[in-house]
Amino acid sequence: MQALEMGVDRAIAFNEEGLLVRTLEGKADMIQAYKLRHRVFAEQLQWVPKNHHGLEFDAYDAFATSIGLFDVNSVLRGVFRMVNSSFPFMLEDEFRTCLLPTCEVRKSPEAAEITRLAVDPMLTDKGLSNRVMQVLFKGVYQWSMHNDVRYLYMVVEKRFLRVLRGMG
């Protein structure tokens with residue numbers, strides 16, 4: 001537990017039905033993730049400004065752990081980022097207004113925040129897109145189990161919440 005308190009997360013890796021989910025490591029992995037995030041958060045959703053590099057990253061990346069989902073051709077098709085409680089959560093700053101005034105964010109070693117969850121918008125087959133999302137959530141679960149995390153925070157918009165409810 002001491003390593004987790006200092007902000008060091010345990011890596012994960014698993015295969016499911018031809019999809020590989022693993023902790024991203026190194027510059028090449030992160031550039032792929034930043035490109036996918038740019039396509040989703042800057043180009044498609046327009047939540048952050050577009051930039052000429054086609055990369056979406058922020059200050060949270062310096063201390064977050066990113067996990068990616070790769071297809072059989074080793075193409076990154078999904079990504080999410082985990083921030084353990086040793087570091088600031090986006091929920092505490094950018095999304096504070098989403099919380100009730102009396103809500104207190106749990107900041108213990110068994111809490112983490114999921115951010116920048118994205119599925120490749122090039123996946124137009126709804127069945128494949130749903131499968132990728134389900135396997136990504138298995139990645140969240142695996143990361144949580146390997147890092148002794150019981151409580152997760154994630155801010156979602158209403159349309160995505162309906163998708164999640166539809167998935168069960």
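In the predicted model, the side chains of strand β3 alternate in direction, with Thr65, Ile67 and Leu69 pointing one way and Ser66, Gly68 and Phe70 pointing the other way, and all of these residues are buried. Because six of the six residues of β3, which spans residues 65-70, are buried, the strand is largely enclosed by the rest of the structure.

Strand β3 pairs with β2 and with β4. Strand β2 (residues 19-23) runs antiparallel to β3 and is joined to it by four bridges, and within this pairing Thr23 stands opposite Ile67 of β3. The pairing of β3 with strand β4 (residues 76-84) is likewise antiparallel and extends over six bridges; here Ser66 has Arg81 of β4 as its bridge partner. Five residues lie between the strands in the hairpin of β3 and β4, where Ser74 adopts a positive phi near 65°.

Salt bridges were examined next, and a search of the whole structure finds 15 of them. One of these is formed by Asp29 and Arg22, whose closest N and O atoms are 2.6 Å apart. The acidic partner, Asp29, is buried at a relative accessible area of 9%, whereas Arg22, with a relative accessibility of 23%, counts as partly exposed.

A further salt bridge is made between the side chains of Arg37 and Glu56, with an N to O distance of 2.7 Å. Since Arg37 belongs to helix α2 (residues 26-44) and Glu56 to the loop between α2 and β3, this pair ties together parts that are 19 residues apart in sequence. Both partners fall below the 20% cut-off for burial, as Arg37 has a relative accessibility of 1% and Glu56 one of 4%.

The salt bridge between Arg116 and Asp58 has its closest N and O atoms 3.4 Å apart. This contact links distant parts of the chain, given that Arg116 is located in strand β5 (residues 111-119) and Asp58 in the loop between α2 and β3, at a separation of 58 residues. Arg116 counts as buried at 13% relative accessibility, while Asp58, with a relative accessible area of 21%, is partly exposed.

These two pairs, Arg37 with Glu56 and Arg116 with Asp58, take part in a wider arrangement, in that Arg37, Glu56, Asp58, Asp61, Arg81 and Arg116 are linked in a network of salt bridges. Arg81, a member of this network, is also the residue of β4 that forms the bridge partner of Ser66 in β3.

Technical notes: Residues numbered from 1 in each chain as written. Predicted model: local features only at pLDDT ≥ 70, side-chain atom pairs only at ≥ 80, totals over all residues. Heavy atoms only, no water. Buried < 20%, exposed > 50% of the residue type's maximum accessible area, 1.4 Å probe, protein only. Helix = DSSP H or I, 4+ residues; strand = E, 2+ residues; numbered from the N terminus. Pairing = 2+ DSSP bridges. Salt bridge = Lys/Arg side-chain N within 4 Å of Asp/Glu carboxyl O.
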